[in-house]
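User: I am new to this structure and would like to learn how to read its features one at a time. Could you take me through them, giving the general idea before the particular case?

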Amino acid sequence: MELKSVYPVKINLLPHQYITKRTPDWVRLFFIVILILLSFLSYFFYINLDVKTSSLGGDIEFLELKLANLQEREKRIEEVQTQINVKEEKMNTLKHLIKGEPDWLKIVYILGRCMPRDLHWDRVSFDSSSFNCQGQVYSIFSLSQFICSLGQYRDLFSQVDFESLILGEEGTYHFELSGKLETP
């Protein structure tokens with residue numbers, strides 16, 4: 001009778017020092033699991049970094065477009081600023097010119113407002129610091145009232161003087177006045 005074994009039996013006739021010890025299966029399985037986990041982790045980090053770099057690339061493109069838009073706006077603002085500077089220079093020049101000249105509208109308005117009804121001008125001339133007027137009046141009282149009214153406006157007329165007063169035909173007086181204007 002023969003003995004049959006279900007399991008093959010291996011007989012190793014080598015000396016004990018030459019026999020290689022086999023690592024247990026649980027250690028092999030542990031290293032395989034660790035290798036698989038490391039490969040999944042590296043793949044995950046690679047995918048994560050790839051997503052981040054692609055999103056940063058999109059952000060870079062967006063920022064470059066925004067930078068181009070801002071540079072274009074900056075050029076337009078610089079052009080507008082140069083136009084504003086030119087207009088400010090013109091305004092400063094005009095202010096300087098206006099400060100040097102008397103307010104002619106105000107002067108003529110005051111002269112017309114102070115004029116009595118029976119006083120008429122034949123000729124009036126103005127320059128930057130004085131005026132001269134010639135005319136006729138029916139009473140000396142009206143002429144003195146006119147000079148007194150101009151004297152109330154010392155901020156415009158610093159001095160008003162008679163140059164001449166002549167009695168003309170039909171009882172009218174011909175006069176000539178001169179005055180100095182206050183310049184700002």
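Analyst: Let us begin with a term that will be needed throughout: a residue is called buried when its relative accessible area is under 20%, exposed when it is over 50%, and partly exposed in between. Please keep in mind as well that this is a predicted model.

User: Which side chains meet in a salt bridge, and how many salt bridges does the count come to?

Analyst: The general idea is that side chains of opposite charge can pair when their charged atoms come close. Here the count comes to one salt bridge, in which the side chains of E72 and R76 meet at 3.5 Å, N to O. The two residues are four apart in helix α1, which covers residues 25-100, and so about one helical turn separates E72 from R76.

User: Are E72 and R76 buried, exposed or partly exposed?

Analyst: E72 has a relative accessibility of 47%, so it counts as partly exposed. R76, at 44%, falls between the two cut-offs and therefore also counts as partly exposed.

User: What is the order of the strands in the sheet, and which strands are at its edges?

Analyst: The sheet is open and has four strands in the order β1-β2-β4-β3, with antiparallel pairing. Its edge strands are β1 (119-126) and β3 (157-167), each of which pairs on one side only, and from one strand to the next the twist averages 20°. Strand β1 is joined to β2, residues 130-137, by seven bridges, and one example of a bridge partner is G135 in β2, which is matched with W121.

User: Which helices pack on the sheet?

Analyst: Helix α2, made of residues 104-114, packs on the sheet and touches β1, β3 and β4 (173-181), with a direction that makes about 160° with that of β1. Helix α3, made of residues 140-151, packs on the sheet too, where it touches β1, β2, β3 and β4, and its direction makes about 165° with that of β3.

User: How many residues does the largest nonpolar core have, and which elements give two or more residues to it?

Analyst: In soluble globular proteins, nonpolar side chains tend to be buried together. In this model the largest nonpolar core has 19 residues, and those with the most contacts inside it include F131, L143, F146, L150 and F157. The elements that give two or more residues to this core are α2, β2, α3, β3 and β4. To follow one member, look at L150, which, leaving aside neighbours within four places in sequence, is in contact with L111, C114, F131, F157 and V160.

User: What do β3 and β4 form, and which residue in the turn has a positive phi?

Analyst: Most residues other than glycine have a negative phi. Strands β3 and β4 form a hairpin with five residues between them, and nine bridges join these antiparallel strands, L167 having Y173 in β4 as its bridge partner. In the turn, E170 has a positive phi of about 60° although it is not a glycine.

User: Are E170 and T172 buried or exposed?

Analyst: E170 counts as exposed because its relative accessibility is 77%, whereas T172, which lies in the loop between β3 and β4, counts as buried because its value is 7%. Not counting residues up to four places away in sequence, T172 touches Q136, V137, Y138, I166 and L167. A polar atom of the T172 side chain also lies 3.2 Å from the backbone oxygen of E169.

Notes. Residues numbered from 1 in each chain as written. Predicted model: local features only at pLDDT ≥ 70, side-chain atom pairs only at ≥ 80, totals over all residues. Heavy atoms only, no water. Pairing = 2+ DSSP bridges. Axes fitted to C-alpha atoms, helices over the stretch in contact; angles between N-to-C directions. Contact = heavy atoms within 4.5 Å. Core = buried A, V, L, I, M, F, W, Y, C linked by side-chain atoms within 4.5 Å. Buried < 20%, exposed > 50% of the residue type's maximum accessible area, 1.4 Å probe, protein only. Salt bridge = Lys/Arg side-chain N within 4 Å of Asp/Glu carboxyl O. Polar contact = N/O pair within 3.5 Å; in protein donor to acceptor, adjacent residues only side chain to side chain.
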